[in-house]
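User: Please go through the structure below, taking the protein–DNA contacts before the symmetry.

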4 protein chains.
Amino acid sequence: MIAEKRMDIEIESHVENPDRIERRREQVVSAAVKKFAVNGYHGTTIKEIAEAAGVSTGLIYSYVKDKEDVLLLVFMAIFRRYQQEIPRQLEGVTDPLQRFCTAVRAYCEAVGSNVGATVVGYQESNALSPERRDIVKKLELKTNALISAPVEECIKAGYFRSVNVELLTFRVVLLAHGWALKNWYFRDRISLNGYIEEGLSLFLHALLTPSGWQHWRALNEVAMRPPQPSKRPARRRKAG
Amino acid sequence: MIAEKRMDIEIESHVENPDRIERRREQVVSAAVKKFAVNGYHGTTIKEIAEAAGVSTGLIYSYVKDKEDVLLLVFMAIFRRYQQEIPRQLEGVTDPLQRFCTAVRAYCEAVGSNVGATVVGYQESNALSPERRDIVKKLELKTNALISAPVEECIKAGYFRSVNVELLTFRVVLLAHGWALKNWYFRDRISLNGYIEEGLSLFLHALLTPSGWQHWRALNEVAMRPPQPSKRPARRRKAG
Amino acid sequence: MIAEKRMDIEIESHVENPDRIERRREQVVSAAVKKFAVNGYHGTTIKEIAEAAGVSTGLIYSYVKDKEDVLLLVFMAIFRRYQQEIPRQLEGVTDPLQRFCTAVRAYCEAVGSNVGATVVGYQESNALSPERRDIVKKLELKTNALISAPVEECIKAGYFRSVNVELLTFRVVLLAHGWALKNWYFRDRISLNGYIEEGLSLFLHALLTPSGWQHWRALNEVAMRPPQPSKRPARRRKAG
Amino acid sequence: MIAEKRMDIEIESHVENPDRIERRREQVVSAAVKKFAVNGYHGTTIKEIAEAAGVSTGLIYSYVKDKEDVLLLVFMAIFRRYQQEIPRQLEGVTDPLQRFCTAVRAYCEAVGSNVGATVVGYQESNALSPERRDIVKKLELKTNALISAPVEECIKAGYFRSVNVELLTFRVVLLAHGWALKNWYFRDRISLNGYIEEGLSLFLHALLTPSGWQHWRALNEVAMRPPQPSKRPARRRKAG
DNA sequence: CATGAATGAGAATTCATTCAT
DNA sequence: AATGAATGAATTCTCATTCAT
């Protein structure tokens, strides 16, 4: 946790006090995300970020080397969120299938609660210098591990067919990011929850083995957190 | 068809001759795609595009109102490609299931043969003014129709479960775009073909009804282009 | 007359035929005046002039060295007008006082019938290169002679007090140009005629000697072209 | 008075401090006037103004929205000068006729001490956008009031014939501006003072009633500031 | 002679970054 | 530490001028 907390420690700052650094950077990143989400990275000036953060332009440069660093901080904040939210929701969940579903939901919800930043992540990733882009790629792969682990568990447990884990993970990631990327389209057509369950259902239909289906039914009879019934006619069919 | 071909003529130009317009714009767009793919829209100057296209900066402004128009032309070129390639490959294919598979493959291949432009499409779409963004959205929805039509045919024929067509279409789109978006990752891990078939397999497993599976097997006995065998243990399950 | 007609012969042209040169230049100047009057010299492009003249941009450069030459042609056209109009109206007028009044009226009317060009003359004169500005200055002084001659005659005849002829001439010029310069203000307040007679009246009151007044009254009894009565209370005063 | 002083504060600036704004703008306007007077508005680049003012190009845009604003500031500076100088010289002068003469002289002197700016005013007024042109027109009319008031007083006092005040005012304005407009001509022929007194004499001859003349003579016997005797032979004639 | 596409130098403007206060 | 005025390099876009057809 401390590692994550200080993940951005590598970014240079003229200021000594680490707490102050953290506080100021949060202030700036939060303002930057807002602005970037509306006008994009290139459409946002440092001055605007400073104003939105309620600080002077000069101050930003005490906590950041250049404008790109602000973007990198935004990326880091996104990934930090994933690293915090997904494990938090997985806490105490032990069943592989449940862990998979929970991870997918947690990821999608994390994206959903920060559509702006996620879109910025996609749209502006090539505004980063190669080195910084590498950092982001690493963070991305690290985040993927949060999804691929439950997938592997499900395969090992015989619930999922044996598929290419990497590709599947990536498809889950796209499911989540898709909500952000095409938010303009989905916004007034479907709820985030509906979107998630429809996606999850597609994955389960594609992956569950017969034993997996059995386990799935068993889980849903205990019914801790059933997917929305309307979205699973298949279950009833199977149940019937 | 002619309408699509001249879609970009609506963009203002000081030059009258439509052939010349088309030729010059192709020249410019082609150079722009190359440059945008490397440095992004904002990271590319008009001068660079002009140089890459082997023309003067002034010339560009004879065929385009401003830099944003160049980006719009790039988008239009992408969509034009979809509108040309997918129907071309569907020509003569009548079976719904085959049409679905062919459409998915054609879409993915179109993206694959123009990764640069597709990524630019994602990354820079918010660099467009609202009106132009609307044009792009419309083109996108129009392209989606190329996928959703076969999906609906498959459902009507009883081959696919009855799912939300819009969402499914969108998922296919993401499958295709995913190849471009994460190309940096997949490039040295999997071939485009492998990527496509893995994705297609996932969709089929998720969607095919028993009758769909039957039809699928029948099709593959004629065996024009079978999915990789290792990916279909499920069939046996259903059959059993 | 031929000299004036060919006044602009010094401007280079790639075209041989003098008649064609004249015709084309007239076409261009007339278009230029229209455009300049609305958008000024700097606000008008060669392309716009060409369009307004119904020719190609290239053609203009066959009859003119550069854009400034077009402006110079405009100036020349203005002065040609003065040189034509004022003498034409003075033709047959022999009385010095009448010649003065006629010259003033003719000058003002010439300006009035070409407000646009006159304003351009003022506003853009310093857009000319020094050499061309010198040409314009010479033309201006030459035009002034049309006014200063009658003034001198009037002084010699004892009708006018002996004043500084140069200054007075210049004041008459300003009277005429004033109509153009402040046209935005006068347009809906007074007619050109009213403006002229008021100005003329002021000059006469300032200049006429007693013998001048006497002559003036005599002239007006013959009454070829009396100033508007309402503007000459002074006469009555003297008469009384 | 304070209102006038801060008139230009209405022009947008990124800088808050009004004193700094005023100081910087003066710096820039002063440089701009110099440059404009030589090369005109269009012939002067922002870079040149910046260099002449000893600042960076960027700085100018902290105090001004665009280049046109610089021109507007130049205009405002001209009018501010009139609004300051003319009232200052009229201070303590109560006699209508003296007020008229003083106002005319003050106006001409104000113009004379800033020929460059005045010429720019004429030549470049149509370089302004309509809204800004309106501002300038209003300022011009406001300035005219400084002249028309004494004129009306003189008429009311019976010193002047009853003439069209607007037209007369305008003629006085042209007298003053004429010095600037044709400065290239007058410069080596006559002093500003000679020019003024000749002009004033013309007006007085044109306007003074018998009672006006009487008052005039009385004033000049007290002889605070007599017009150059050589320019007023008329008086003697009348007196005789 | 006439055309109009092509050129490219030049201008206004923006904005990341610095630094004196 | 914080401020925000100042800098100036970089970029988009324009338009006078040329020249192949």
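User: How far is a phosphate oxygen of DNA strand F from an N or O atom in the side chain of D:Ser56?

Analyst: This is a predicted model, in which local features need pLDDT of at least 70, side-chain atom pairs count only at pLDDT 80 or more, and totals for chains, interfaces and linings use all residues. Residues are numbered from 1 along each chain as its sequence is written, chains are lettered from A in the order in which they are written, and side-chain values use heavy atoms, without hydrogens and water. A polar contact is a pair of N or O atoms within 3.5 Å. For the side chain of D:Ser56 and a phosphate oxygen of DNA strand F, the distance is 3.0 Å.

User: Which residue has a side-chain N or O atom 2.4 Å from a phosphate oxygen of DNA strand F?

Analyst: A polar backbone atom of A:Glu16 lies 3.1 Å from a phosphate oxygen of the strand. The 2.4 Å pair instead involves a side chain, that of D:Arg24.

User: How many residues surround DNA strand F?

Analyst: A residue is near the strand if one of its heavy atoms lies within 4 Å of it. The closest include A:Val15, B:Tyr61 and D:Tyr63. Sugar and phosphate make up 74% of the strand's atoms that come within 4 Å of the protein. The number of surrounding residues is 31.

User: What rotation superposes chain A on chain B?

Analyst: The fit is by least squares on the C-alpha atoms of residues with pLDDT of at least 70 in both copies. It gives an RMSD of 0.2 Å with 0.1 Å of shift along the axis. The two copies are therefore related as by a two-fold rotation axis. The rotation is 179 degrees.

How values were computed. Polar contact = N/O pair within 3.5 Å; in protein donor to acceptor, adjacent residues only side chain to side chain.
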